[in-house]
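Please work through the following exercises on the fold shown below. Each task is followed by a solution in steps.

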Amino acid sequence: MERSRKVKVKILRGKVFQEYTVEAEEGMSVMDLLERIYDELDNTLAFFRHEACHQEACGKCLVKVNGRVCLACGREVKEDELCLEPYNDRVIRDLVCEVR
Ligand code: FES
């Protein structure tokens with residue numbers, strides 16, 4: 001049986017952080033969490049989503065998680081609180097950045 005817990009997620013959107021509380025299962029990635037937020041809580045959230053990849057291959061889902069840049073699809077959610085920010089300062093919208 002999968003164990004789930006509530007995770008508090010703060011996401012930098014423009015100049016302000018927006019908070020969400022999300023039900024997360026064991027082994028869930030940051031990408032899974034973002035997709036859950038988009039599908040169930042807020043479909044205005046912008047982030048890189050690549051259904052065909054989702055396995056650390058394309059390298060495009062970079063995001064800053066608790067201050068460290070990583071691939072959202074390869075970063076497991078182990079914390080009860082997450083802070084997500086764009087990985088560079090050339091932000092198009094929310095967590096989507098222009099690639100340098
Ligand atoms: S979706 Fe391709 S590396 Fe994450």
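The exercises proceed from the whole chain to the sheet, the core and individual residues.

The structure is a predicted model, in which local features need pLDDT of at least 70 and side-chain atom pairs count only at pLDDT 80 or more, whereas totals for chains, interfaces and linings use all residues. Residues are numbered from 1 along each chain as its sequence is written.

**Exercise 1. The chain as a whole**

Determine the secondary structure content of the chain and state how its radius of gyration stands to the globule rule.

Step 1. Helices (H or I, at least four residues) and strands (E, at least two) are taken as DSSP runs, numbered from the N terminus. The chain comes to 1 helix and 7 strands, and along the sequence these follow the pattern β-β-α-β-β-β-β-β.

Step 2. The radius of gyration is taken over C-alpha atoms, and the globule rule is 2.2 Å times the number of residues to the power 0.38. The chain has a radius of gyration of 13 Å, close to the 13 Å that the rule gives for 100 residues, so the chain is as compact as a globular protein of that length.

Step 3. The C-alpha trace spans about 45 × 30 × 25 Å along its principal axes.

**Exercise 2. The sheet**

Establish the strand order of the open sheet and the sense in which its strands pair.

Step 1. Two strands are said to pair if DSSP finds at least two bridges between them. The open sheet has 5 strands in the order E2-E1-E5-E3-E4, with mixed pairing. E2 and strand E4 (68–71) are at the edges, each with a single partner strand, so one side of each has no neighbour in the sheet. Neighbouring strands are turned by 35° against each other on average, direction ignored; here axes are lines fitted to C-alpha atoms, for helices over the stretch in contact, and angles run from 0 to 180 degrees between N-to-C directions.

Step 2. Strands E1 (residues 4–13) and E2 (residues 16–25) are antiparallel over 10 bridges, with leucine 12 opposite phenylalanine 17 in E2. Their hairpin has 2 residues between the strands, and glycine 14 takes a positive phi near 75° there.

Step 3. E1 also pairs with E5, in the parallel sense over 4 bridges; isoleucine 11 has leucine 84 as its bridge partner in E5.

Step 4. E5 and strand E3 (residues 62–65) pair in the antiparallel sense over 2 bridges. Lysine 64 stands opposite glutamate 85 in E5.

Step 5. Helix H1 (residues 30–41) packs on the sheet, touching E1, E2 and E3, and its direction makes about 105° with that of E2. Contact requires that the C-beta atoms of two residues, placed from the backbone, lie within 7 Å.

**Exercise 3. The core**

Which residues have the most contacts inside the largest nonpolar core, and which element supplies its largest share?

Step 1. A residue is buried if 20 or more other C-beta atoms lie within 10 Å of its own, exposed if 12 or fewer, and partly exposed in between, with C-beta atoms placed from the backbone. A nonpolar core is a set of buried Ala, Val, Leu, Ile, Met, Phe, Trp, Tyr and Cys residues joined through C-beta atoms within 7 Å.

Step 2. The largest such core has 22 residues, and Val30, Leu33, Val63 and Ala72 have the most contacts inside it. At least two residues come from each of E1, E2, H1, E3 and E5, and the largest share, 5 residues, comes from H1.

Step 3. Beyond its neighbours within four places in sequence, valine 63 is in contact with Val30, Cys70, Ala72, Leu84, Tyr87 and Leu95.

**Exercise 4. The two faces of E5**

Assign the side chains of E5 to its two faces.

Step 1. In a regular strand the side chains alternate between the two faces of the sheet.

Step 2. In E5, Leu82 and Leu84 point to one face and are buried, while Glu81, Cys83 and Glu85 point to the other and are not.

Step 3. Glutamate 81 is exposed, because 10 other C-beta atoms lie within 10 Å.

**Exercise 5. Positive phi outside glycine**

Where do histidine 54 and aspartate 94 lie, and are they exposed or partly exposed?

Step 1. Most residues other than glycine have a negative phi.

Step 2. Histidine 54 has a positive phi of about 60° and lies in the loop between H1 and E3. With 17 other C-beta atoms within 10 Å, histidine 54 is partly exposed.

Step 3. Aspartate 94 has a positive phi near 50° and lies in the loop between strand E6 (91–93) and strand E7 (96–97). Aspartate 94 is partly exposed, with 19 other C-beta atoms within 10 Å.
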